[in-house]
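This report is for a reader who is meeting this structure for the first time. Please look through the sequence and the model below before reading on.

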Amino acid sequence: MSVPPPIIAPSILAADFARLAEEARAVEGAADWLHVDVMDNHFVPNLTIGLPVVQSLIKTSTLPFDVHLMIEQPERWSIGYAEAGAYNVTFHVEAADDPVALAKNLRAAGSRAGLAIDRDTPVEPYLELLPHFDTLLIMTIKAGFGGQAFMPELLDKVRAARRQVDAGHLELRIEVDGGIARDTIEAAAEAGADAFVAGTAVYASADPAAAVRALRQAAGR
Ligand code: DX5
Ligand code: ZN
């Protein structure tokens, strides 16, 4: 298994939304990416922020933005985030009509392209699409809310993806999202994940940057 050094991506879903720029700055120098959860109250019941907030926030931070779209009709909205300067834009396979076409459009618009797989969706049917993507986000909870308990049984999907990535020598990152904390990150890393989203574990901590460093250490590489 050839896994690169881990990416740690704090999720601002667990941050103070009245102080987003400050909260982003709090993990600069410690985090690799800033994970931004966009929810539309349709694809998931929850509602968070949209493009105008991301456009403003992105100007305040030096961190690469990892935008996780939990929205319907990603074809309609994704490109705006790429054009706003997001480093990576991830949409859900459950919501997309033509994931490969959208990935191509995202890359043409200047971002990386990510494919997300929710809790109840198997990964196998989509493994052959991976050469078109830069990240594969495997939910380790049901998408929609922070602070849920990590579901270790979902790591079988990470293992299947890791086998595919290694066999095909793909450069794709395997990202896990949901319940990632000091006591769960090692299992996710062992399963083959190499990018880790953490909301509560970072922003519920008194020192978010220290929490990021602790996660990196716990990832074990
Ligand atoms: C939930 C979001 C996650 C969320 C994770 O649907 O995609 O990114 O912020 O939060 P924690 O780390 O608290 O499980
Ligand atoms: Zn997320």
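Which atom of Thr-200 lies 2.4 Å from an oxygen atom of ligand 1? A polar side-chain atom of Thr-200 does. The structure is a predicted model, and the values that follow are computed from it.

**Ligand 1**

Thr-200 is one of the closest residues to ligand 1, along with Ser-11, Asp-177, Gly-179 and Gly-199. In total, 21 residues surround this ligand. The polar contacts listed here involve both side-chain and backbone atoms.

| Residue | Atom of the residue | Distance to an oxygen atom of ligand 1 |
|---|---|---|
| Thr-200 | polar side-chain atom | 2.4 Å |
| Gly-144 | polar backbone atom | 2.8 Å |
| Gly-199 | polar backbone atom | 2.8 Å |

On its own, ligand 1 has 380 Å² of accessible area, and the protein covers 99% of that area.

**The zinc ion**

Asp-177, one of the closest residues to ligand 1, also takes part in coordinating the zinc ion (ligand 2). The other coordinating residues are His-35 through NE2, Asp-37 through OD and His-68 through ND1, while Asp-177 contributes OD. The distances run from 2.0 to 2.3 Å.

What is the arrangement of the donor atoms around the zinc ion (ligand 2)? It is octahedral, because the 6 donor atoms subtend angles of 72 to 172°. For comparison, ideal angles for six octahedral donors are 90 or 180 degrees.

Along the sequence, the donor residues follow the spacing H-x1-D-x30-H-x108-D. Distant parts of the chain are linked by the pair His-68 and Asp-177, which are 109 residues apart. His-68 sits in strand S3 (residues 65–70), and Asp-177 sits in strand S7 (residues 173–177). Both His-68 and Asp-177 are buried.

**His-92 and Ala-116**

His-68 also appears among the contacts of His-92, a residue of strand S4 (residues 88–92). His-92 counts as buried because its relative accessibility is 0%. Its side chain makes a polar contact of 2.9 Å with the side chain of Glu-94. Beyond its neighbours within four places in sequence, His-92 is in contact with residues including Phe-43, Leu-69, Met-70, Asp-118 and Met-139.

Another contact of His-92 is Ala-116, which belongs to strand S5 (residues 112–117). Is Ala-116 buried or exposed? Ala-116 has a relative accessible area of 0%, so it is buried. Not counting residues up to four places away in sequence, Ala-116 touches His-68, Thr-90, Phe-91, His-92, Val-93, Glu-94 and Leu-137. Ala-116 and Glu-94 are 22 residues apart in sequence, and their C-alpha atoms are 8.4 Å apart in space.

**Helix H3 and positive phi values**

Helix H3 spans residues 74–83, and its buried residues are Pro-74, Ser-78, Gly-80, Tyr-81 and Ala-82. Their cover includes strand S2 (34–39), helix H2 (51–58), S3, S4 and helix H4 (99–108). Just after H3, Gly-85 has a positive phi of about 110°.

Most residues other than glycine have a negative phi. Gln-73, in the loop between S3 and H3, has a positive phi near 50°. With a relative accessible area of 46%, Gln-73 is partly exposed. Asn-41 lies in the loop between S2 and H2, and its phi is also positive, near 65°. Asn-41 counts as partly exposed at 41% relative accessibility.

**Asp-194 and Ala-211**

Where does Asp-194 lie? Asp-194 is in the loop between helix H6 (185–191) and strand S8 (195–198). Its relative accessible area is 1%, so Asp-194 is buried. A polar atom of the Asp-194 side chain lies 2.8 Å from the backbone nitrogen of Ile-174.

Ala-211 is part of helix H8 (residues 208–219). Ala-211 is buried, with a relative accessible area of 11%, since buried means under 20%. Apart from its neighbours within four places in sequence, Ala-211 is in contact with Ala-201, Val-202 and Ser-205. Ala-211 and Lys-104 are 107 residues apart along the chain, and 35 Å separates their C-alpha atoms.

Conventions:
Residues numbered from 1 in each chain as written. Chains lettered and ligands numbered in written order. Predicted model: local features only at pLDDT ≥ 70, side-chain atom pairs only at ≥ 80, totals over all residues. Heavy atoms only, no water. Donors = N, O, S within 2.8 Å, 3.2 Å for Na, K, Ca; no water. Tetrahedral: all angles 85-135°; square planar, octahedral: opposite > 155°, others 65-115°. Helix = DSSP H or I, 4+ residues; strand = E, 2+ residues; numbered from the N terminus. Buried < 20%, exposed > 50% of the residue type's maximum accessible area, 1.4 Å probe, protein only. Near = heavy atom within 4 Å. Polar contact = N/O pair within 3.5 Å; in protein donor to acceptor, adjacent residues only side chain to side chain. Areas by Shrake-Rupley, 256 points an atom, 1.4 Å probe, with all protein chains shown as cover. Contact = heavy atoms within 4.5 Å.
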